[in-house]
Amino acid sequence: MPIDPTQPYDDGNIFAKILRKELPCKAVYEDEWALAFHDINPLAPVHILVIPKGSYVSWDDFSEKASDAEIAGLTRAIGKIARDAGLVPQGYRVLANIGLRGGQEVPHLHVHIFGGQPLGPMLAR
Ligand code: AMP
């Protein structure tokens, strides 16, 4: 069920629990700004989620309210994770779903990194 990105941040969401180490994840990267882990239901051979450490519901929220340092930190983490996973030579995809029409299911901003196979058209027609 897609979330409403205009709602206030809910501390009980599953990624907040992962950040607080209340729930496990298969972590691939962590720094001051971001945590990255394997998606529990991968849609490609490489499917990593990158989340900011700050409490942001969606890309909308993050792009409006996050500090320049938080935005730079998340952006650089995404690039580094993809490089370290060896995805650059053959290419990969970065995607963030926002709200109802975007199909966002978890109300903590997460950026998907997909790779490891040809990824097909950007959207189904
Ligand atoms: P979205 O549809 O963009 O909100 O994506 C949510 C993603 O979170 C989906 O790809 C889920 O498979 C993934 N997901 C949900 N719960 C977990 C979890 N506990 N650990 C890792 N990935 C998860």
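**Salt bridges, pockets and an unusual phi**

Colleague: Starting with R20, what's its relative accessibility?

Modeller: R20 comes out at 39% relative accessibility, so it counts as partly exposed. Buried means under 20% relative accessible area, exposed over 50%, and partly exposed in between, using a 1.4 Å probe and protein chains only.

Colleague: What kind of model is this, and how are residues numbered?

Modeller: It's a predicted model, with residues numbered from 1 along each chain as its sequence is written. Local features need pLDDT of at least 70, side-chain atom pairs count only at pLDDT 80 or more, totals for chains, interfaces and linings use all residues, and side-chain values use heavy atoms, leaving out hydrogens and water.

Colleague: Back to R20. Which side chain does R20 meet in a salt bridge at 3.7 Å?

Modeller: D11. The R20 and D11 side chains meet at 3.7 Å, N to O. A salt bridge here is a side-chain nitrogen of Lys or Arg within 4 Å of a carboxyl oxygen of Asp or Glu. D11 is partly exposed, at 48% relative accessibility.

Colleague: What network does that pair belong to?

Modeller: D11, R20 and E22 are linked in a network of salt bridges.

Colleague: Why do such side chains pair at all?

Modeller: Opposite charges on side chains can pair when the charged atoms come close.

Colleague: How many salt bridges does the structure hold?

Modeller: Six. One of them joins the side chains of E30 and K53, at 2.7 Å, N to O. E30 sits in strand β1 (residues 27-30) and K53 in the loop between β3 and α2 (59-65), so this pair ties together parts 23 residues apart in sequence.

Colleague: How do you assign strands and helices?

Modeller: They are DSSP runs numbered from the N terminus: helices are H or I with at least four residues, strands are E with at least two.

Colleague: And what are the accessibilities of E30 and K53?

Modeller: E30 is partly exposed at 41%. K53 is partly exposed too, at 32%.

Colleague: What about K65 and D61? Where do they lie?

Modeller: Both are in helix α2, four residues apart, about one turn of the helix. Their side chains form a salt bridge at 3.0 Å, N to O.

Colleague: D61: buried or exposed?

Modeller: D61 is buried, with 10% relative accessibility. K65 is exposed, at 55%.

Colleague: New topic. What's the volume of the largest pocket?

Modeller: The largest pocket holds about 530 Å³ of space. Of its 22 lining residues, F15, D39, I40, N41 and L49 are the closest to its centre.

Colleague: What counts as a pocket and a lining residue?

Modeller: Take a 1 Å grid over the protein atoms alone. A pocket is an open set of points where a 1.4 Å probe fits, with protein on both sides within 12 Å along at least five of seven lines; lining residues have an atom within 4 Å of a point. Points join across faces, edges and corners, and the volume is the space filled by probe spheres set on them.

Colleague: Which element gives the most to that lining?

Modeller: Helix α1 does, with three residues. α1 (14-19), β2 (34-38) and β3 (46-52) each supply at least two.

Colleague: How does that lining split by class?

Modeller: It has 11 nonpolar, eight polar and three charged residues. Ala, Val, Leu, Ile, Met, Phe, Trp, Tyr, Cys and Pro count as nonpolar, Asp, Glu, Lys and Arg as charged, and the others, Gly among them, as polar.

Colleague: And the second largest pocket: what volume, and which residues line it?

Modeller: Its volume is about 200 Å³. The lining includes L43, A44, R93, F114 and M122. By class, the second lining has seven nonpolar, two polar and one charged residues.

Colleague: Switching to backbone. What's the phi of K21?

Modeller: K21 has phi near 65°, a positive value in a residue other than glycine. Most residues other than glycine have a negative phi. K21 is in the loop between α1 and β1 and is exposed, at 54%.

Colleague: Last one. Where is R101, and how far is it from F37?

Modeller: R101 lies in helix α4 (residues 99-102). The C-alpha atoms of R101 and F37 are 25 Å apart, with their positions 64 residues apart along the chain. R101 is exposed, with 90% relative accessibility.
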